[in-house]
Amino acid sequence: MYIENFKLRELPFRLSPDPQFLYLSRAHARAKAYMESTIWFTDGFVVVTGEIGAGKTTLIESFLRQLDSDVVIAQINQTQVNAVEFLQSVLVQFGFSPFKMKKAELIATLNSFLIEQYAAGRKVLLIIDEAQNLSLKVLEEIRMLSGIETTKEKVLRIILAGQPELNEKLDSPELVQLTQRIRLRFHLGTLSREDLRSYVRHRLDVAGADGREIFAEDTYPELYKYTGGVPRLVNTLCDTAMMAAFNEDRDFVTPADLATSVEELQWSDFATRANAIAARSAHNGQTSGDRSTRLLSKLVLSTDGKAIAELHLMPGRKVIGRTPDNDLQIDSKFISRHHCQLVTGSDGLTVIEDLNSTNGIMVRDKRVRRHSLRDGDVVTIGQHEILYVDEHNSGHFADTHDDLPRVDVNAANEDAGEGADDDASSGDAAGAR
C-alpha cells in the first residue's frame, strides 16, 4: 500500500468506522452531545438520523468508548428482525441465552434485569443502529421497553440512529405514542466545504502526517464537488487519489490525481448523481426518501448452497475480507485479511477487484484480477459464493434474501470454522496477504 510513500503510520481513509479518526464538526459535536444527554436524563429517548456515510456509526463508537464503567450497554446493529428476535437480541447483549424463551418470558426477564441494574446503581443504555429497518411492531416493543420505570424514573436509556427514512417512519400515525416519548431529534448533515478540508487534514494527522500538507490546496474544491461532503465518499475518493499519486511516485495529491480517481470510480459530480437518484425516484412514483430507490445493487453471500448474508451497494467502495474492519467480514481461513474490493459508480455499475489475496476470486471457474459485474454473476471467494443482484434488473429472482443479515458475517462454513482460530499459523498461510 501507499503508507510508506506518504510516511504515514496507518491508512487514513478506511471505510470501516474507527473512533480514533472521528472528526467532530459542529454538527457531529452536537449529535454526540445529544447522545451523552441520555446518560443524565431518562425522560424519553434520542433519535439521530443522517444520510448513508454521514458518520453515525463512527460517532456511536466514539461515544461508547467514553462511557463510564457503571453504564451497561446493549448495542443492536441487526434490525431486520421480528419482535421476538429483537427482544432476544437485546437479552443476548446483556449476557443471557434467551433462544428458548417465549415472548412473555423474554419481557419478564428484561424487566427484572433492568430493575436489578437500577437497584445496583448502574445505568442501562440501548443503542439501535440502522433503526430505519425496524418494523412497526418492533418499534412498538421499544416504546413498551421505554416505559419500564421505578417509582422515581425510567430505567432504560434509548438511542435510535438511522437513515432519514427513520423520521418518516416515526411520524407515521401508528407510532404517535412512541413519538411522544422522543426527547431530542437531530439530523446529521454533510460536511461543509471548510469542514471537509479540516476532516481530511484531521484524518491524515491521526495517521501520522503531523501537519504535512499531503493534499494540494486546489484539490479541496474538487473533493467537495464530487463527494458533496459525505464523509464516506470523501474517504473513498481520498484513498483512491492517494493511490493514484503513489502510482506516479509522488508523496502529495494533485487535482490530476483526483481526476484520475473520479474517472476510475466512474463518478459524475455529486449534484448530478443526487439529481439522477431523485429523477429515478420520481419516475418510479416514489419519494426521494424511499430506501428502495437508493439501492443500486447488492451481494448475496452463500456457502454450501445456503444464503447467509447480504451487502447492499451504493456509490463508493466496499471491502470484503476476514478481519472485522471490512465492510463484509467472512471469518474463514480461506479468505485474506482484505481479500477484494467492490467499486460502485454513480451509474450503478460495480467492479470487483482482487486485493492481492492468496486464494483469489473466481468467475465462471476462472481466476480474475478485475471483473465488471452483471446481474446474476456468481463470484467464488474461498469456499463461499457471492451472487450479484442488480436491484433495477432483478425481476427474475424470486427470492433476493431481504431477510438476511446485511453486515458482518461471523458465521463461516463448518469446513473453514476449525481453521479460523489457527490464524497465526496455518490460517495465514492459506488466506492472508
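This is a short tour of a predicted model, with suggestions for what to select at each stop.

**Before you start**

Residues are numbered from 1 along each chain as its sequence is written. In this predicted model, local features need pLDDT of at least 70 and side-chain atom pairs count only at pLDDT 80 or more, while totals for chains, interfaces and linings use all residues, and side-chain values use heavy atoms, with hydrogens and water left out.

**The whole chain**

Show the protein chain as a cartoon: there are 14 helices and 16 strands. Helices (H or I, at least four residues) and strands (E, at least two) are DSSP runs, numbered from the N terminus. Of the 433 residues, 53% count as buried, meaning under 20% relative accessible area with a 1.4 Å probe, protein chains only.

**Stop 1: two helices**

Select residues 26-40 for helix H1 and 56-65 for helix H2. They pack at an angle of about 45°, with their axes 10 Å apart; axes are lines fitted to C-alpha atoms over the stretch in contact, and angles run from 0 to 180 degrees between N-to-C directions. That makes H1 oblique to H2: angles under 35 degrees count as roughly parallel, over 145 as roughly antiparallel, 65 to 115 as roughly perpendicular and the rest as oblique.

Which residues of H1 and H2 make the contact? On H1, pick His28, Ala31, Lys32, Met35, Glu36, Thr38 and Ile39; on H2, pick Leu59, Ile60, Ser62 and Phe63. Contact here means heavy atoms within 4.5 Å.

**Stop 2: strand E16 and its partners**

Now select residues 384-390, strand E16. Five of its seven residues are buried, so to speak of E16 as mostly covered is fair.

Add strand E6, residues 297-303, which runs antiparallel to E16 and is joined to it by six bridges. Then add strand E15, residues 378-381, which pairs with E16 in the antiparallel sense over four bridges. Strands pair if DSSP finds at least two bridges between them. Click on Glu385 in E16: Ser302 is a bridge partner of this residue, and Thr380 is also one.

E15 and E16 form a hairpin with two residues between them. In the turn, look for Gly382, with a positive phi of about 60°.

**Stop 3: an open sheet**

Finally, find the open sheet of five strands, ordered E9-E8-E10-E11-E14 with mixed pairing. E9 (328-329) and E14 (370-372) stand at the edges, each with a single partner strand, so one side of each is left without a neighbour in the sheet.

Inside this sheet, select E10 (residues 340-344) and E11 (residues 350-354), which run antiparallel and are joined by five bridges. Val343 stands opposite Val351 in E11.

Definitions and conventions:
Buried < 20%, exposed > 50% of the residue type's maximum accessible area, 1.4 Å probe, protein only.
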